[in-house]
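User: Could you take a close look at one part of this structure for me, built around a charged pair of your choice? I would like one connected account that starts there and works outwards.

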Amino acid sequence: MGAPENFNGAQDPKFGNAYSGLYFFAPGDYREYIQVPLKQMLQKGKTYTVSFYASLAEDSDFAVKDFGVLFSHQMLKVPTKKNLSKGRLYQLKKNRHHVVEINQPEFHEDKSDWLVLKTTFETKGFEKYVVLGNLRDNAMTRKVRTKRKETKKGAYYYIDMISLLPTDMISKSQLKPLEFNKKYVFENVHFNFDAFDLDKMAKEHLSKVFDQIDGIPNVSIEVQGHTDNTGHGLYNTILSEKRAKAIADYLVFLGLDPDSVVYSGYGSSRPIAKNTTEAGRRKNRRAEFVLKIDDD
């Protein structure tokens, strides 16, 4: 999809610079799907968590609350523009599949923000492809009209950050208890020069931090981004804010309340090491956080 503006409205990406989009509901049972191969076939009897972000496009006149995730042994090649019904799926010989639905308690009508959708399931042991979309026909789709009538018929959702991870990867960590009003460095969150993306190690570390603070009543977290002194001061401030935002967004993605997460960027104004060596500059390309409790 074009980002932020496209044929169905405008939306800033939740992560990175782009996102996908598809019709979850449209006249005549018209449907669109995202299909991707997994890096490897899943092992039987394991518990996985599938999640993604969704945002309803501005020109949608309907919203839905059911989001289907289909796992298949073979790539699906179905000559239809309609929903992938059980009948159509069972006609695919020598293939195995199973469906996991994410059923939201409320209709996702927000056209300005992103909502994280997730569910946990047990693997069958044949999953090699994942398909995302609405598998129900129009009659069975739980839908509601949006507050104002739009020019296009249907429910079109932007999709960002699809994730499929073993549930035990986000199990409770064994780190020492964190103190409130004390500054900590995200030890395993490192940024390359002029970059703000999170690598696998960073995401694993953030998952552990999330486990430590998830569920604490009235807790909030402030994420602070920093850079080395290479480059223009204003540019570094913007870059450091992007680094802090990437971390804040991922913590919200994991499950923190968006209202409890704030971020800011300080550029190169608060170094913790000398910028005369690459090792020192790498230390300064860091992110920190402070936990606070709202006593009110």
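Analyst: Happy to. One cut-off is needed first: a residue is called buried when its relative accessible area is under 20%, exposed when it is over 50%, and partly exposed in between. Please also keep in mind that this is a predicted model.

My choice is Glu288. Its relative accessibility is 5%, so Glu288 counts as buried. The side chain of Glu288 meets that of Lys183 in a salt bridge, at 3.9 Å from N to O. This pair joins distant parts of the chain, since Glu288 belongs to strand β16 and Lys183 to strand β13, with their positions 105 residues apart in sequence. Lys183 sits on the other side of the cut-off: its relative accessibility of 42% makes it partly exposed. As a general background, side chains of opposite charge can pair when their charged atoms come close.

Now to the sheet that holds both strands. It is an open sheet of 4 strands, ordered β13-β16-β14-β15, and its pairing is mixed. The edges are taken by β13 (183-185) and β15 (261-265); each has a single partner strand, so one side of each is left without a neighbour in the sheet. From one strand to the next, the twist averages 25°. Inside the sheet, β14 (residues 219-225) and β16 (residues 287-293) run antiparallel and are joined by 7 bridges. One of the positions to look at there is Val219, which stands opposite Ile293 in β16. Helix α3 (residues 233-254) packs on this sheet and touches β14, β15 and β16, with its direction at about 160° to that of β15.

Next comes the nonpolar core. The largest one has 36 residues, and the members touching the most others are Phe186, Val189, Leu198, Leu206, Ile221, Ile247 and Leu251. At least two residues of this core come from each of β12 (155-166), α2 (200-213), β14, α3 and β16. The biggest share is that of α3, with 9 residues. Leu251 gives a good view of how the pieces meet: setting aside neighbours within four places in sequence, it is in contact with Leu206, Phe210, Ile221, Val223 and Leu256. Apart from this core lies another, of 26 residues, including Leu42, Leu56, Ile102 and Leu132. In general, nonpolar side chains in soluble globular proteins tend to be buried together.

It helps to set the starting pair beside others. The whole structure holds 12 salt bridges. In one of these, Arg145 and Asp61 meet through their side chains at 3.7 Å, N to O. This pair, too, links distant parts of the chain: Arg145 is in strand β11 (residues 143-145), while Asp61 is in the loop between β5 (47-56) and β6 (62-64), 84 residues apart. Asp61 is buried, because its relative accessibility is 1%. Arg145 is partly exposed, with a relative accessible area of 46%. The acidic member is therefore buried in the pair with Asp61, and Glu288 is likewise buried.

A pair with another setting is Arg281 and Glu278, whose side chains form a salt bridge at 3.5 Å, N to O. Both lie in helix α4 (residues 278-284), 3 residues apart, which is about one turn of the helix. Arg281 is partly exposed at 21% relative accessibility, and Glu278 is partly exposed at 42%. Salt bridges also build a network here, linking Asp66, Glu101, Arg136 and Arg142.

To return to where we began: Glu288 in β16 and Lys183 in β13 are the two ends of the chosen pair, and β13 and β16 stand next to each other in the strand order of the sheet. On screen, a good path is to go from Glu288 to Lys183 through their salt bridge, then across to β14 by the bridges that join it to β16, and finally to α3, which packs on the sheet and gives the most residues to the largest core.

Technical notes
Residues numbered from 1 in each chain as written. Predicted model: local features only at pLDDT ≥ 70, side-chain atom pairs only at ≥ 80, totals over all residues. Heavy atoms only, no water. Pairing = 2+ DSSP bridges. Axes fitted to C-alpha atoms, helices over the stretch in contact; angles between N-to-C directions. Contact = heavy atoms within 4.5 Å. Core = buried A, V, L, I, M, F, W, Y, C linked by side-chain atoms within 4.5 Å. Buried < 20%, exposed > 50% of the residue type's maximum accessible area, 1.4 Å probe, protein only. Salt bridge = Lys/Arg side-chain N within 4 Å of Asp/Glu carboxyl O.
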